[in-house]
Amino acid sequence: TGGWGYLAALTPIIFGTTYLLTTQFLPPGRPLLAALMRSLPTGLVLIIGSRIPPKRWMARFFVLSVLYASGLFPLLFIAAYRLPGGVAAVINSLSPLLVVVISVPLLSTRIHALQIIAGFVGAAGVALLVLRSDAKLDLVGLIAMAGAAIMFSAATVLTKRWGRPEGMTSIGVTGWTFLFAGLTLLPVTLIIEGRPDHLTARNVAGLIYLVVISGIVAYVVWFWGLERLSASAVTFLTLLNPVTAALLGWVVLDQRLNAWQILGALLILVSVVL
């Protein structure tokens, strides 16, 4: 089952389409709507046929929902508005190293030299791929992105530590996690952004993709992969996210890739293999 677990790579590849999706399809200026649509429908669909979690698991699902979505997404959007995409991607590329460190106390694992080497190779590859020399730094944005990377890393390790309630599948775990997140985001979205006044056919298509592919499919595959791989192994797969985004920019948006960016992509693939 370990080999099949690497299907979890589909999740960061799907997430790599987010930039193209946001800029070309989703309604502008609606970050909370995007977060809500990625969370609530995913939860509602995936809890169908699932048992109600035991009381002691309710608090765990709430914690995971904050770390994976209701707390994470706002930080990501703050970072997106205040930081160049390349800076945010480089900070996020440190997530595999964070998972390796957090796993020591929570999963009783040991840090291996190869993991550290692979982590720094991956971060260097992301830097070459997406970071520009004229990138401007913003303290609030840096703190938000660092917080998002820590939250996602902690969520990954806690998911591995807690496993799932007896008799519940990984689909059920995904569903309850994102149902909690969606219910938290719903009132916040309505208060801050309100309901969208007008949606084009392109917006509707983008939201459907966000719900079905970037929400339901992506997170089911992620939780499924976490059951079969170590937390550190599955997190290194997230480095495929900026590679996908760069390739889509090249193919769809006619953005050019120079030699340094191609080298960066290759370093990322080396890091994942290691």
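1. In this predicted model, the second largest pocket holds about 160 Å³ of space. The residues that line the second largest pocket are Tyr-6, Leu-114, Gln-115, Ala-118, Ser-230, Ser-232, Ala-233, Phe-236, Ser-271, Val-272, Val-273 and Leu-274. Two or more lining residues are given by each of the elements α9 (113-130), α13 (231-236) and α15 (259-273). Sorted by class, the lining of the second largest pocket consists of eight nonpolar and four polar residues, with no charged residues.

2. The enclosed space can be taken next. Rolling a probe the size of a water molecule over the atoms shows where empty space is left. One cavity of 30 Å³ or more is counted in the model, and the largest cavity has about 30 Å³ of space. Its lining is made up of Gly-16, Tyr-19, Leu-20, Ala-245, Leu-248, Gly-249 and Leu-253, and the elements that contribute two or more residues to this lining are α3 (18-24) and α14 (240-251). Helix α14 supplies the largest share, three residues. By class, the lining of the largest cavity divides into five nonpolar and two polar residues, again with no charged ones.

3. Which of the residues that line the largest cavity lies in the loop between α14 and α15? The residue is Leu-253, which is placed in that loop and which also belongs to the cavity lining. With a relative accessibility of 27%, Leu-253 counts as partly exposed, because this value falls between the 20% and 50% limits. Setting aside neighbours within four places in sequence, Leu-253 is in contact with Tyr-19, Leu-20, Gln-24 and Leu-248, and among these Tyr-19, Leu-20 and Leu-248 are also named in the lining of the largest cavity. By contrast, the C-alpha atoms of Leu-253 and Phe-62, 191 residues apart in sequence, are 39 Å apart in space.

4. The length of helix α4 (residues 31-46) can be checked against expectation. At 1.5 Å a residue, the 16 residues of α4 should span 22 Å, and the end C-alpha atoms are 23 Å apart, which agrees. The expected value follows because the rise is multiplied by one less than the number of residues. As for its surroundings, 13 of the 16 residues of α4 are buried, so this helix is largely enclosed by the rest of the structure.

5. Is Ser-65 buried or exposed? Ser-65, a residue of helix α5 (residues 55-70), counts as buried because its relative accessibility is 0%, against a cut-off of under 20%. A polar atom of the Ser-65 side chain lies 2.6 Å from the backbone oxygen of Phe-62. Once neighbours within four places in sequence are left aside, the contacts of Ser-65 are Ser-70, Gly-71, Thr-177, Phe-180 and Ala-181.

6. A second serine, Ser-153, sits in helix α10 (residues 139-162) and is likewise buried, with a relative accessible area of 0%. Not counting residues up to four places away in sequence, Ser-153 touches Ser-95, Leu-98, Val-99 and Ile-102.

7. Two residues of helix α6 (residues 72-82) deserve a joint reading, namely Pro-74 and Ile-78. An α-helix has 3.6 residues a turn, so residues three or four places apart point the same way. Pro-74 is partly exposed, with a relative accessible area of 26%, and Ile-78 is partly exposed as well, with a value of 35%. What is the spacing, C-alpha to C-alpha, between Pro-74 and Ala-148? These residues are 8.8 Å apart in space, although 74 residues separate them in sequence. For Ile-78, the C-alpha atom is separated by 9.5 Å from that of Leu-142, which is 64 residues away along the chain. Ile-78 also touches Val-140 and Ala-144, not counting residues up to four places away in sequence.

8. The backbone of Ser-108 may merit a look during review. Most residues other than glycine have a negative phi, and most peptide bonds are trans. The phi of Ser-108, however, is near 55°, a positive value in a residue other than glycine. Ser-108 is located in the loop between α8 (95-107) and α9, where it is exposed, with a relative accessible area of 66%, a value over the 50% cut-off.

Definitions and conventions:
Residues are numbered from 1 along each chain as its sequence is written. This is a predicted model: local features need pLDDT of at least 70, side-chain atom pairs count only at pLDDT 80 or more; totals for chains, interfaces and linings use all residues. Side-chain values use heavy atoms; hydrogens and water are left out. On a 1 Å grid over the protein atoms alone, a cavity is a set of points where a 1.4 Å probe fits but cannot get out, and a pocket is an open set with protein on both sides within 12 Å along at least five of seven lines; lining residues have an atom within 4 Å of a point. Grid points are joined across faces, edges and corners, and a volume is the space filled by probe spheres set on the points. Helices (H or I, at least four residues) and strands (E, at least two) are DSSP runs, numbered from the N terminus. Ala, Val, Leu, Ile, Met, Phe, Trp, Tyr, Cys and Pro count as nonpolar, Asp, Glu, Lys and Arg as charged, and the others, Gly among them, as polar. Buried means under 20% relative accessible area, exposed over 50%, partly exposed in between (1.4 Å probe, protein chains only). A polar contact is a pair of N or O atoms within 3.5 Å; within protein, one must be able to donate a hydrogen and the other to accept it, and residues adjacent in sequence count only if both atoms are side-chain atoms. Contact means heavy atoms within 4.5 Å.
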